[in-house]
Amino acid sequence: MTNYNELQECIIKGNRIKARELTQECLDNGNPAKEILDEGLIPGMAVVGKKFQDGEYFIPEMLVSARALNIGLGILKPLLEASDVKPVAKVLVGTVKGDIHDIGKNLVAIMLRGSGFEIIDAGVDVSPEKFVQMAKESGADILGLSALLTTTMTAMKDTVDAFQADGSRDKIKIMIGGAPVTTDYAEKIGADGYAPNAAIAVEMAKTLVGGSR
Amino acid sequence: MPQTSRELVRNCLKFDSPERIPRDLWLLPWATQHFPEEVKQLEARFPSDITKPVAVYSRSALVEGDPYKAGQYIDEWGCVFTNLQDGCIGEVRNPIINDLADWQQVKPPYEILPDIKELAREKVNRFCHETDLFVLSSCCPRPWERYQFLRGVENAMVDVLEPENGFLDLLKRIHEFYLTEIEFWVSTDVDAIMFMDDWGSQSNLLISPHYWREFFKPLYRDYCNLTHSHNKFAFMHSDGQISSIYADLVEVGVDAINSQLFCMNMKDLAKQAKGKITFWGEIDRQHILPSPDPQAGRDAVREVAEHLYNPAGGIIAQFELGLGANPATANAIFEEWEKIH
Ligand code: B12
């Protein structure tokens, strides 16, 4: 049995070069891509998320770990696809209309990707119609909306309403986040969940795809 | 004779018992666009005690557009901003320095600084002498924000962890420009020098306090030292939850700090900094100012006063009327401060 501690450590420390080497080495030793993902990359990223939540890691450390993760994922991706390994779920993320703040949204995407989710990033200033359209095209299971301004929070409601109006609301779970957002607000606008940070966003996403609405 | 605005602010900063709490209202163009009449009334009823002098800089040939208009704006460093809406600022989407090895391509805009210093100084000094208000410098050094504009936010964050690859060189180049800028302003009769950088998210510092202390604290110390060596006050703005560096800001000599008090534990801030620094606002822009209930504004003032008020000084009643703010709540905030002192 391969010891994945070292690969996990590369992700935790954000060591890109070693992450590449070790991922390749694991494959060369005949380990299945899915095992490398589940035992190496994902547990490493889980530690990163925990450290961020505990205030030990900050944005730079998260980003450096994400770069190492992406290198590992890049190597594994074609193999995972070839062996028909499915992501935990597909998540469409984006910052709502009128808002350009994207650091938080990007961290959420990083943590989700590092937990086995597939991410489709719609970017910033995304209109409700665009979200509906992209959700359809991508077949996303979850929509993650970010807003950092009290004035743009209302666009989250518009987006939930747009899915209602389109008749596709029950096909997608919607979670929301960003500095001014709260659980109460999520409830008020009919979203399925709220998470205050990127680590909890992962738990929320898992709950949303695990349970029924 | 009642104290002039300048005396009020100075006494407040020196904990020398100002007659009343000085006021400072910040306006984003958004507010004047949405509530022109209300803004006029608010300014007439509660005039600010702090001002900034007329522009004395030259226009850079690089500058195109308006930073507060929707569309594209190019600033004097050549950074291209994309803005979604009128009345607020935009963001750099394609940074100029994609590869940090190219950091030497950054040319700070020395050409915009007054070329005939004496004339510019005279103009600023005349402004200072003709007003009773406390005058802040019109410059606002922001080494971290400038670094981000040049490199993009995420690259900038990662550079902090790999400082030897050009991060320190580029930061130094930026810092030297800002020192030159401050040198001009300290040679005038303004009362204070202002600088800024947003250091917090809603719940923590953006980067580790360890790196902040290593790379950025010395820059602010330089700004404070230069400012104090000319007997002026140092004013700083920083958004987000920054309580972990509050004591450092006191230590480097910041005299007044504008920060998001409502992201932080005010009791803790009082312990760290009350009586040592002036809390230059603010009142929460996220929930309080947009509230249609003026009582929310009054309660917020009471909360700040309960923890941070000191009759000897240390509070400037400041807030920003920006996106989504409610003019009635803004009025109530100033009214309540009048009742406190
Ligand atoms: C950095 C910043 C900027 C940068 C943004 C750069 C970028 N690429 O994102 C710039 C300079 C461009 C900017 C611009 C403006 N900003 Co700004 N900005 C900030 C600041 C300082 C930090 C935000 C940040 O990046 N935090 C770091 C990340 C990691 O945290 P986060 O976003 O909260 O994300 C975490 C959680 O919220 C959660 N989360 C986030 N999204 C999601 C999504 C989902 C699905 C889930 C589950 C969870 C989740 O997880 C994340 C990671 O743990 C905040 C201060 C603050 N208190 O937050 C002000 C702040 C948000 N800005 C503010 C303002 C006013 C503005 C401007 C209007 C300023 C102006 N003068 O024009 C413009 C608006 C432009 C626009 N149209 O959007 C105000 C908003 C007030 C309000 N009314 O709500 C704030 C709160 C500052 C203040 N003093 O009040 N800003």
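## A walk through a predicted two-chain model

Start by selecting Glu282(B), which sits in the loop between strand E10 (278-280) and helix H11 (294-308) of chain B. Now look at the link to its neighbour: Gly281(B) and Glu282(B) are joined by a cis peptide bond, with omega at about -5 degrees. That's worth a pause, since most peptide bonds are trans, just as most residues other than glycine have a negative phi.

Keep that second half in mind and jump to Asp84(A). Its phi is near 60 degrees, a positive value in a residue that isn't glycine. You'll find Asp84(A) in the loop between helix H4 (59-82) and E1 of chain A.

Before going on, remember that this is a predicted model. How does the predictor rate the complex? It gives an ipTM of 0.92 and a pTM of 0.95. Chain B averages a pLDDT of 96, and 100% of its residues score at least 70.

**Stop: the cobalt**

Stay with chain A and select His101(A). Its NE2 atom is 2.3 Å from the cobalt atom of the ligand, and His101(A) is the only protein donor to that metal. To place it along the chain, look for the loop between strand E1 (90-95) and helix H5 (103-113) of chain A.

**Stop: where the chains meet**

Next, show both chains and pick out the contact. It takes 27 residues from chain B and 21 residues from chain A. Together the two chains bury about 2000 Å², with 66% of it on carbon and sulfur atoms. Which three residues of chain B supply the most of the area that chain B buries against chain A? Select Leu84(B), Glu154(B) and Val158(B): they supply 26% of it, more than any other three residues.

Now hunt for the charged pair. The count between chain B and chain A is one salt bridge, and the side chains of Glu162(B) and Arg16(A) meet in a salt bridge at 2.9 Å, N to O. There are also five residue pairs in polar contact between the chains, counting pairs with both residues at pLDDT 80 or more.

Colour chain B by element next. Helix H6 (153-161) and helix H8 (209-228) are the elements that give two or more residues to the side of chain B that touches chain A. Of these, H6(B) gives the most, with six residues. What kinds of residue make up that side of chain B? They divide into 13 nonpolar, nine polar and five charged.

**Stop: inside chain B**

Over all chains, the salt bridge count comes to 33. For one of chain B's own, select Asp191(B) and Arg6(B), whose closest N and O atoms are 3.1 Å apart. This pair links distant parts of the chain, 185 residues apart: Asp191(B) is in the loop between helix H7 (167-186) and strand E7 (192-196), while Arg6(B) is in helix H1 (residues 5-13).

Finish with Leu179(B), which has its place in helix H7 of chain B. Leaving out residues up to four places away in sequence, what does Leu179(B) touch? Show Asp222(B), Tyr223(B) and Leu226(B), and you have its contacts. For a last bit of scale, draw a line from Leu179(B) to Gly322(B): they are 143 residues apart in sequence and 30 Å apart in space, C-alpha to C-alpha.

Conventions:
Residues are numbered from 1 along each chain as its sequence is written. Chains are lettered from A and ligands numbered from 1 in the order in which they are written. Side-chain values use heavy atoms; hydrogens and water are left out. Contact means heavy atoms within 4.5 Å. Buried area is the accessible area (1.4 Å probe) that two parts lose on being put together, summed over both. A salt bridge is a side-chain nitrogen of Lys or Arg within 4 Å of a carboxyl oxygen of Asp or Glu. A polar contact is a pair of N or O atoms within 3.5 Å; within protein, one must be able to donate a hydrogen and the other to accept it, and residues adjacent in sequence count only if both atoms are side-chain atoms. Helices (H or I, at least four residues) and strands (E, at least two) are DSSP runs, numbered from the N terminus. Ala, Val, Leu, Ile, Met, Phe, Trp, Tyr, Cys and Pro count as nonpolar, Asp, Glu, Lys and Arg as charged, and the others, Gly among them, as polar. Donors are N, O and S atoms within 2.8 Å of the metal (3.2 Å for Na, K and Ca); water is not among the atoms, so sites may look incomplete. pLDDT is the predictor's confidence in each residue, from 0 to 100.
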